[in-house]
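I opened a new page for this one and went looking for what sits inside, which charges pair up, and where the hollows are. My notes follow in the order I looked things up.

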Amino acid sequence: NKYSVNLGVNGAVFPLENDLSVEMLGSTFIAQAEAKYMFMITVNSNIKYNVVLNGGTIDSNNFVARPLEINGDGRLSQLTIQRNIGINIKENGQVLSAIGCRVDVLCDITIIQQNTYDSIQRTTSSAGTTTSCGISVVKVDSTCIIRDNIVRNIYAVDDVDADGIVVFSVNRLITPSQIQKTNVRVYSNRIENCQGRFIKLQCPAKVYNNDLRSSNVQLITQFRAIDAQHGGVDVYNNEWRIESSVVVGTDATFFVYNGNGANGGSDNVGTCVGNKIYAGVGFRYFASINILGGNHKVSIVDNTIKDEDGLTKVEDFVRFTLPSTVSSFSQASIRVSNNSCSLGTSGVVVLSGTAFNDQNINSEISISITDNNMSNVLNGAKVVEVATGGVPYVGDILIRSNGSNLLSYNQLIVKGIDVLKLRQGNNFYYATDGSTGGMTNTPTGYNRYVFVEIGVGGGIVSLTTVNGSKKAVKGNASWNEYTSTVIS
């Protein structure tokens, strides 16, 4: 059946006073006039009713900003939204976000599955106030499952906020920080042509097996495929296909991790594992790790960028950003391992933030960059680069085997290296740190322009061929020097 619906400003409103099951059974509802909402369910009771919305098509007909809204100050036992279709959703000056399905109420269990939301846009440009979004759940404190949905064609009128799926925890901004007791899973969704983000999170979550696609679309400047604005996020086994027809924003990034210790960021572990990108056009970063406060451990492991036309596709693989001062955070550890991609012009890991200029940072950060297959590396690329110039302090570092041409033999230019404190397994070429000191605790003349290898029982420092191919070996108590071939 098809129904033409003439709505008031708030559409059809259902005050919830009992369990509610709306079985639309294939019915189609078509808006005929501008309104903020088409269907609204308001929950102001804590009796914990169950609500099911199933099987209808809501055509906003470019008149209505929110076809489906569930809100209120109460709490539901379970909310299930399934097998619905929302299309032609548009904000026309109502000054609220255009959203296909919005949940703004507490639920013990929220399940959003097997829905389709297509063609969502807005006319009002007001950053932080109005957005475009397919599915939005903004008050999570327990289980939220978003699976097997299709979300596509989400457009922005300006250069911000045009997102496929958005999930926020209820107390994400509480200060001081708190562990967010949520069980959020976003998986097996197909999300296409979102100008801003495919998935945005302000809560701990697991994001996996999603099919992400971009074609014939212009991405915003700060595009993020998966934007984790909170710790405790695991992103794995997702695929992003980006076609050559896409116009990419200058800072486009696949995965962003924001570790915020001040605002609910005490969930401090993040992983990005086993994701695949089929790239027909280049973009800026694979991952951007931003430590804003607290203590964080982030792993970027076993990801693949497949170059679809044989050209270099990622300018910098990982950007690692710290606050302006060392005292602003506790500790930060990143691991970049077993990834494969065509690298761009800068580095495997790019360091950003003035905290890297402080030698006290040596005890606060740990960086591991190992066994990455970085092919087609351009001249000048380094295994560690600095975004803002200068030479950073990096004490605890592990580097080895990062590409067929080894990025100038895994060249490293940093300050603060004590060769006796390097971890076992290091194998890199140390150029210069831009100061008079070079590495510490090496034999005389071996503090720079040397190959460093740390094996079982001690270290080896080898001079380059230019300097006579001499090698120094650390024994039980002292260094021994002898002539040998250069470590390669």
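**Inside the core**

I started with Phe320: leaving out residues up to four places away in sequence, it touches Ile289, Ile291, Ala332, Ile334, Val349, Val350, Leu351, Ser352, Phe356 and Ile367. A reminder to myself that this is a predicted model.

Next I looked up the largest nonpolar core, which has 122 residues. Ile300 and Phe320 are the ones that touch the most other members. I also found a second, separate core of 5 residues, with Ile99, Cys133, Val138 and Phe168 among them. In soluble globular proteins, nonpolar side chains tend to be buried together.

**Charged pairs**

How many salt bridges are there? I get a count of 21.

I picked out Asp141 and Arg75 first; their closest N and O atoms are 3.0 Å apart. Asp141 is in the loop between β12 (132-140) and β13 (143-147), while Arg75 belongs to strand β8 (residues 64-82), so I noted a link between distant parts of the chain, 66 residues apart. Is each partner buried or partly exposed? Asp141 is partly exposed, at 27% relative accessibility. Arg75 is buried, with a relative accessible area of 16%.

Then I turned to Arg284, which forms a salt bridge with Asp251 at 3.0 Å, N to O. Arg284 lies in strand β27 (residues 283-291) and Asp251 in the loop between β23 (239-242) and β24 (253-259), so this pair ties together parts that are 33 residues apart in sequence.

Arg284 also meets Glu315 in a salt bridge, here at 3.6 Å, N to O. Glu315 sits in strand β30 (residues 314-321), so its pairing with Arg284 of β27 ties together parts that are 31 residues apart in sequence. I have Glu315 down as partly exposed, at 33% relative accessibility.

One more entry on charges: Arg66, Glu69, Arg102, Asp104 and Lys139 are joined into one network by salt bridges that share partners.

**Pockets**

I looked up the largest pocket and found a volume of about 290 Å³. Which of its 16 lining residues are closest to the centre? They are Ser97, Thr131, Val166, Phe168 and Lys200. Two or more lining residues come from each of β10 (98-113), β12 and β15 (162-169). By class, I jotted down 5 nonpolar, 5 polar and 6 charged residues for this lining. Phe168 turns up twice in my notes, in the second core and in this pocket's lining.

The second largest pocket has a volume of about 180 Å³. Its lining includes Asn362, Asp396, Asp418, Lys421 and Thr440, and the lining residues divide into 3 nonpolar, 4 polar and 3 charged.

Methods:
Residues numbered from 1 in each chain as written. Predicted model: local features only at pLDDT ≥ 70, side-chain atom pairs only at ≥ 80, totals over all residues. Heavy atoms only, no water. Core = buried A, V, L, I, M, F, W, Y, C linked by side-chain atoms within 4.5 Å. Buried < 20%, exposed > 50% of the residue type's maximum accessible area, 1.4 Å probe, protein only. Contact = heavy atoms within 4.5 Å. Salt bridge = Lys/Arg side-chain N within 4 Å of Asp/Glu carboxyl O. Helix = DSSP H or I, 4+ residues; strand = E, 2+ residues; numbered from the N terminus. 1 Å grid on protein atoms, 1.4 Å probe; cavity = no way out; pocket = protein on both sides within 12 Å on 5 of 7 lines; lining within 4 Å. Points joined across faces, edges and corners; volume = space filled by probe spheres on them. Nonpolar A, V, L, I, M, F, W, Y, C, P; charged D, E, K, R; others polar.
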